[in-house]
Amino acid sequence: MKQIKGTTKVCGLIGNPVEHSISPLIHNSLAELENVDLAYATFKVDKGGIEDAIKGAYALNILGMNVTVPYKEDVIAALADIDPLAKRIGAVNTLVRTEGGFKGYNTDITGLHRQLIDAGIEISGSDVIILGAGGAARAIAFLCARENADSVYILNRTSEKAEQLAKEVNESLNVDFVHGMRLEDHRSLPDKKFVTIQTTSVGLKPNEDAAPIEDIDFYDKVSVGVDIIYNPYKTKFMRMVENSGKQAYNGLKMLLYQGVSAFELWNNIEVSEESAVRVYELMIKELDLDE
Ligand code: ATR
């Protein structure tokens with residue numbers, strides 16, 4: 001049992017709900033493994049209370065915060081500073097104490113980037129498909145544009161949202177290679193191999209028997225698949241990618257690395273590979289995932 005002392009650094013999660021978050025496990029385990037005297041708790045914040053919560057956290061000398069649904073956008077107004085990529089994305093999930101206030105970052109996206117690098121997936125110069133056009137797709141589209149992908153196709157059930165997102169990314173980063181289209185028009189994609197990132201909620205437990213695109217021909221165009229879902233551990237999308245002979249990854253490493261990156265920002269350290277692997281194993285156990 002950890003001994004909390006007068007000098008113990010305090011971090012935590014702001015959101016609503018927060019009760020089922022895996023973040024306390026991630027950060028308290030990292031603290032123990034990396035020998036950092038830090039305790040991490042959750043703070044449920046009621047609607048309308050985000051600004052007071054941030055001010056209060058700062059006044060209480062809290063070192064860092066994670067921010068989750070529904071405050072990732074609203075929190076920005078309460079920050080002293082913001083990382084440029086997080087600003088473009090318009091969503092912040094990590095706050096780091098600085099002089100005069102908190103600075104906001106988006107480690108959801110740096111976490112995904114780290115997962116991709118880990119898996120040897122290069123975005124620069126690649127053709128990328130993003131399935132979905134919600135919050136996660138938005139962050140990934142900005143990352144792909146910043147990393148100079150060769151082309152990015154955002155495919156969404158509601159094509160207007162995909163087109164709108166593509167337009168926004170192109171304008172914001174002054175590029176022209178991001179395209180939006182209807183999910184069911186996938187047959188009109190260029191004849192290339194795409195790094196394909198699945199961000200829709202299709203396939204999420206308990207609807208495990210669904211994939212956003214069921215047409216097996218689509219998977220010929222996939223060079224490698226990444227699903228941001230991790231429950232189930234292997235989604236139907238991932239199975240379809242594998243059945244066409246390619247590698248597929250779930251979203252658990254993204255979740256791990258968003259935490260690792262936040263922990264590193266708060267403590268100015270580099271978390272060891274061994275600690276990251278250990279926390280990954282603990283997450284699988286805690287989430288009761290069948291590998
Ligand atoms: P997140 O923030 O995790 O990205 P979100 O913003 O709620 O979540 O986005 C959910 C995504 O899943 C959207 O792209 C949504 O498509 P629409 O914009 O058309 O709603 C997609 N989605 C949800 N259910 C879907 C379904 N049955 N078939 C196809 N796409 C679906």
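The legends below describe several views of a predicted model of one protein chain.

**View 1. The whole protein chain, with its helices and strands.** The protein chain holds nine helices and 12 strands, and its C-alpha trace spans about 60 × 40 × 30 Å along the principal axes. The radius of gyration is 19 Å, which agrees with the value near 19 Å that a compact globule of 291 residues would have. Of the contacts with a separation of 6 or more, 72% are accounted for by residues that stand 24 or more positions apart in the protein chain.

**View 2. The surface and the charges of the protein chain.** Buried residues make up 52% of the 291 residues, while the area that the protein chain exposes comes to about 14,000 Å², of which carbon and sulfur atoms supply 47%. Among the side chains, 30 are positive and 43 are negative, and the centres of these two sets lie 2 Å apart.

**View 3. Two buried cysteines, Cys11 and Cys144.** Cys11 has a relative accessible area of 0% and is therefore buried, and Cys144, with a relative accessibility of 0%, counts as buried too. The count of disulfides in the model comes to zero, a count that rests on the rule that a disulfide is a pair of cysteine sulfur atoms within 2.5 Å.

**View 4. Helix 1 and the buried residue Ser29.** Helix 1 covers residues 23-33, and Ser29 is found in this helix. The relative accessible area of Ser29 is 11%, so this residue is buried, given that buried means under 20%. When residues up to four places away in sequence are not counted, Ser29 touches Pro24, Val279 and Leu282.

**View 5. Two cis peptide bonds, at Pro17 and at Pro70.** Most peptide bonds are trans. In this model, however, a cis peptide bond joins Asn16 and Pro17, with omega at about 5°, and Pro17 has its place in the loop that runs between strand 1 (9-15) and helix 1. A cis peptide bond also joins Val69 and Pro70, where omega is about 5°, and the place of Pro70 is in the loop between strand 3 (64-67) and strand 4 (81-82).

**View 6. Asn148 and Asp288, each with a positive phi.** Most residues other than glycine have a negative phi. Asn148, by contrast, has a phi near 55°, which is a positive value, and this residue is placed in the loop between helix 5 (135-146) and strand 8. With a relative accessible area of 48%, Asn148 is partly exposed. Asp288 has a positive phi as well, near 55°, and lies in the segment that comes after helix 9 (273-286). The relative accessible area of Asp288 is 63%, so this residue is exposed, as exposed means over 50%.

**View 7. The exposed loop residue Arg157.** Arg157 lies in the loop that connects strand 8 (151-156) and helix 6 (159-173), and at 74% relative accessibility this residue counts as exposed. Leaving aside residues up to four places away in sequence, Arg157 touches Arg182 and Leu183. Measuring from C-alpha to C-alpha, Arg157 and Met65 are 34 Å apart in space, and they are 92 residues apart in sequence.

**View 8. Lys87 in helix 3, shown together with Asn148.** Lys87 is found in helix 3, which covers residues 84-89, and is exposed, with a relative accessible area of 59%. Along the chain, Lys87 and Asn148 are 61 residues apart, and their C-alpha atoms are separated by 18 Å. Asn148 is the partly exposed residue of View 6, with a relative accessible area of 48%.

**View 9. Glu274 in helix 9, shown together with Lys44.** Glu274 has its place in helix 9, and with a relative accessibility of 60% this residue counts as exposed. The C-alpha atoms of Glu274 and Lys44 are separated by 32 Å, and the two residues stand 230 residues apart along the chain. Helix 9 covers residues 273-286, and the segment after this helix holds Asp288, the residue whose phi is near 55°.

How values were computed: Residues are numbered from 1 along each chain as its sequence is written. This is a predicted model: local features need pLDDT of at least 70, side-chain atom pairs count only at pLDDT 80 or more; totals for chains, interfaces and linings use all residues. Side-chain values use heavy atoms; hydrogens and water are left out. Helices (H or I, at least four residues) and strands (E, at least two) are DSSP runs, numbered from the N terminus. The radius of gyration is taken over C-alpha atoms; the globule rule is 2.2 Å times the number of residues to the power 0.38. Buried means under 20% relative accessible area, exposed over 50%, partly exposed in between (1.4 Å probe, protein chains only). Contact means heavy atoms within 4.5 Å. Accessible areas come from the Shrake-Rupley method with a 1.4 Å probe; for residues, only the protein chains shown count as cover. Lys and Arg count as positive and Asp and Glu as negative; His and the chain ends are not counted. The place of a charge is taken as NZ of Lys, CZ of Arg, CG of Asp or CD of Glu.
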